Amino acid sequence: MVRLLSAGATDLGLRRGNNEDAYLAMPELGFFAIADGMGGEAAGETASRYFIETAQAAFRSEVPSSEETNYALVQKVFSCSNKRIFEHAEQNPDDRGMGCTGDLLAFYRDRYVIGHVGDSRVYLLRDGSLRQLTRDHSLVQLQVDRGMLTPEEARNHPRKNILLRALGTDPAVSFDMLEGSGLNGDIFLLCSDGLTDMVDDAAIQDTLVSTETISQKVKNLIGTALSAGGRDNITVILCEVQMNGALESSSGAA
């Protein structure tokens, strides 16, 4: 049996008047989701909420019975939430241009599936080493891929928040799907760019390898981002894989 320990939190940050991030951690169902809205205050919040609500409804109504059904359910969440956000914008002209990033991590036994679009991220800490699993769908990441920018230049580029893909901006969405096997002791991190814009990967790794509880690690990551300036909303979910016992959570959802 796989046991999942999780903790999650979101913070307004120091410069924003509202929180356009949303997240959900449901280890008892084996899935975790995060979204970062765009397109104006109310519109961005609405888009993020639609993605989270769609994920919650899908996994509560249809518990995966195999790796294949788990994969299909993640696909369904992305396609359905994209349709819902796009149609809302079409019916509400003031919200045109709304959208959100989306990341969903779903387990079936020890196998996991990740759905991803935008520049929120999923990382994996394994054997003390942190690795970014997702790839940003952003203009500066494309320029890094083409050798036009270095990763260091991209980190502080003035156009780093321009997305090439997001949920709700087009009738159909192109999103990435990743699969793998969880190992005992793995820690998955889902986070909005409010964390990664403020805290580099080395500092994130140092926090995750510490002996603090998983809930304290979440608090420490958010605290570090705030200390660095907290320019955006900050949302963090941690999920630790243990190979014995039943699914269990140390936190709820927001």
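Both F51 and F78 are buried, and the exercises below, which concern a predicted model, start from these two residues.

**Exercise 1. An aromatic pair**

Task: Determine how the rings of F51 and F78 are arranged towards each other, and which parts of the chain the pair ties together.

Solution: Begin with the whole structure, which holds six aromatic pairs. In the pair of F51 and F78, the ring centres are 5.3 Å apart and the planes stand at 65°. Planes over 60 degrees apart count as edge-to-face, so the pair of F51 and F78 is edge-to-face. Next, place the two residues: F51 belongs to helix α1 (residues 41-61) and F78 to helix α2 (residues 67-91), so the pair ties together parts that are 27 residues apart in sequence. Finally, ring pairs link F51 and F78 with F175 into a cluster.

**Exercise 2. Two helices in contact**

Task: Classify the packing of helix α6 against helix α7 from the angle and the axes, and describe the residues that make the contact.

Solution: The angle between helix α6 (residues 201-208) and helix α7 (residues 214-227) is about 155°, and their axes are 9 Å apart. Angles over 145 degrees count as roughly antiparallel, and α6 and α7 are therefore roughly antiparallel to each other. The crossing in which α6 passes α7 is right-handed. On the side of α6 the contact is made by I204, T207 and L208, and on the side of α7 by K217, N220 and L221. Sorted by character, the residues of this contact comprise three nonpolar, two polar and one charged.

**Exercise 3. A residue in a loop**

Task: Decide whether L133 is buried or exposed, and list the residues that L133 touches beyond four places in sequence.

Solution: L133 sits in the loop between β8 (129-132) and α3 (139-145). Its relative accessibility is 13%, so L133 counts as buried. Not counting residues up to four places away in sequence, L133 touches Y112, I114, V122, Y123, L124, L178 and F188. As for its distance from C80, which is 53 residues away along the chain, the C-alpha atoms of L133 and C80 are separated by 24 Å.

**Exercise 4. A histidine in helix α2**

Task: Decide whether H88 is buried or exposed, and name its contacts outside its neighbours within four places in sequence.

Solution: H88 is found in helix α2, the helix in which F78 also lies. With 15% relative accessibility, H88 counts as buried, because buried means under 20%. Once its neighbours within four places in sequence are left aside, H88 is in contact with T46, Y50, D95 and M98.

Technical notes
Residues are numbered from 1 along each chain as its sequence is written. This is a predicted model: local features need pLDDT of at least 70, side-chain atom pairs count only at pLDDT 80 or more; totals for chains, interfaces and linings use all residues. Side-chain values use heavy atoms; hydrogens and water are left out. Rings of Phe, Tyr and Trp (its six-membered ring) pair if their centres lie within 6.5 Å; planes under 30 degrees apart count as stacked, over 60 as edge-to-face and the rest as tilted. Helices (H or I, at least four residues) and strands (E, at least two) are DSSP runs, numbered from the N terminus. Buried means under 20% relative accessible area, exposed over 50%, partly exposed in between (1.4 Å probe, protein chains only). Axes are lines fitted to C-alpha atoms, for helices over the stretch in contact, and angles run from 0 to 180 degrees between N-to-C directions. Angles under 35 degrees count as roughly parallel, over 145 as roughly antiparallel, 65 to 115 as roughly perpendicular and the rest as oblique. A crossing is left-handed if the near helix is turned anticlockwise from the far one by less than a right angle, and right-handed if clockwise. Contact means heavy atoms within 4.5 Å. Ala, Val, Leu, Ile, Met, Phe, Trp, Tyr, Cys and Pro count as nonpolar, Asp, Glu, Lys and Arg as charged, and the others, Gly among them, as polar.
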